[in-house]
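Work through the following exercises with the sequence and the model side by side. Each task is followed by a solution that proceeds step by step.

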Amino acid sequence: MVVSGAPSIPSGRPGNAVSHNSLRANLDGYTINHAHGSGFPVLKKRGHTQGSRSWIKIDQDGNSKILDLDKATVMRHCSLPARDLRLLDPLFIYPSTILGREKAIVVSLEQIRCIITADEIILMNSLDPSVVQYKLELCKRLTNKDRSDDLPFEFKALELVLELTCMSLDAQVKDLQMEIYPVLDELASSISTLNLERVRRFKGQLLALTQRVQKVCDEIEHLMDDDGDMAEMYLTEKKQRKEVYLISELYSQNHVVEGVRVESNSMAVSSMGSINGVQKLQRAFSSLSSSKHGSLIGSSNGGENIDQLEMLLEAYFVVIDSTLNNLLSLKEYIDDTEDLINLKLGNIQNRLIQFELLLTAATFVAAIFTVVAGIFGMNFEAEIFDHPYAFHWVLIITGVLCGIMYVSFLIYFKHKKVFPL
């Protein structure tokens, strides 16, 4: 498949070597003069231009340099639409994304936002520790090349992004576990407003971290499920097929031109030679078209071999899935602690209700005793007041009846299983 926006076919003139080098140089001389072979306009040192941002360019040899590029320049260089580049804008908050495009891979995972091509990686410059670590580690790995590592450049850069992202998220989960487990144990043993507030704050952090880990896990799983997206990310292979196709097309065109010249010279000798020349020319053009068709078929068939990227994604999917399971286990532990706290609070509330029932029954009995005492305290004449021990017997009988009534209440509560006695 011919890549849109591909450079024109070299004509074999000496000047084409300069243009080809300038194309391969890409961003090498963006901040300096055109004399150094840059493929971009000159940026003069007059401060940051309007809309430009600081980027870090890292090539295949591990060489890095800081560039000031505007959005339009990056879009033209990487053949990206504006919506893809907007995902890398630090002013906007977008979920984790990995997009495979014709000439680049757009990666936005946590704080690492970059564009990976077959020859270089354009990393958004930042003072975040993750970005600094990614730059240093990538330059180190590219400088110390391991011959046993047969991964292409774009997969090496992508692997390091996934590795640092998984390590960062796993470290955050472990730190949260170390902080939250003691608080939950303390809350289970002693329920207080301070402990409840601390658990509420940790639960908010857990929810936010779970969403971030879940998004990274879903993004990797989505890539693994879509063979077309994974085939689109083989940038080095697509570039090599494109170069082979351009060379074969150039050779075919030169062969056709030479055939036309030879046949045009032989036209003056005989008319039969002219007819043979036309036939040869037709065969040459049909050979050119079949070469194009074969190149396209080879490109489509080559994209089906995605085992290398699939194994890479699967390895980090296992890691991020394990981190997600740790978060889910922590969330279940918090839910179990909340259930235990609710049970304890419910038990305390039940005890308070039981005590309230006992007080209510005692108050009712005491009220009866008070009524009897109030009746005898009234100023009226009765024969019972003429007996000196009559009032004592009234108090004794009333007290016994009130006690019997209170015990009856307790027996009734026990029979109805309102509370155990």
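**Exercise 1.** Is valine 400 buried, partly exposed or exposed?

*Solution.* In this predicted model, begin by locating the residue, which sits in helix α11, spanning residues 390-415. Next, take its relative accessibility of 47% and set it against the limits, where buried means under 20% and exposed means over 50%; because its value is 47%, valine 400 counts as partly exposed. Finally, look at the surroundings: valine 400 belongs to a nonpolar surface patch that also includes Tyr389, Trp393, Ile396, Ile397, Leu401 and Ile404, and together these residues have about 790 Å² of accessible area.

**Exercise 2.** Find which parts of the chain are linked by the salt bridge between lysine 57 and glutamate 120.

*Solution.* First confirm the contact, in which the two side chains meet at 3.9 Å, N to O. Then place the partners: lysine 57 is in strand β1 (residues 52-59) and glutamate 120 in strand β6 (residues 120-124), so that the pair links distant parts of the chain, 63 residues apart. Lysine 57 and glutamate 120 are both buried.

**Exercise 3.** Describe the salt bridge between aspartate 84 and arginine 101, and decide how accessible each partner is.

*Solution.* The side chains of aspartate 84 and arginine 101 meet at 2.6 Å, N to O. Aspartate 84 lies in helix α3 (residues 82-86), whereas arginine 101 lies in the loop between β3 (97-100) and β4 (105-109), and the pair therefore ties together parts 17 residues apart in sequence. With a relative accessibility of 2%, aspartate 84 counts as buried, while arginine 101, at 24%, is partly exposed.

Definitions and conventions
Residues are numbered from 1 along each chain as its sequence is written. This is a predicted model: local features need pLDDT of at least 70, side-chain atom pairs count only at pLDDT 80 or more; totals for chains, interfaces and linings use all residues. Side-chain values use heavy atoms; hydrogens and water are left out. Patches are made of residues with over 30% relative accessible area and no salt bridge: like charges are joined within 9 Å, nonpolar side chains (Val, Leu, Ile, Met, Phe, Trp, Tyr) within 5 Å. Accessible areas come from the Shrake-Rupley method with a 1.4 Å probe; for residues, only the protein chains shown count as cover. A salt bridge is a side-chain nitrogen of Lys or Arg within 4 Å of a carboxyl oxygen of Asp or Glu. Helices (H or I, at least four residues) and strands (E, at least two) are DSSP runs, numbered from the N terminus. Buried means under 20% relative accessible area, exposed over 50%, partly exposed in between (1.4 Å probe, protein chains only).
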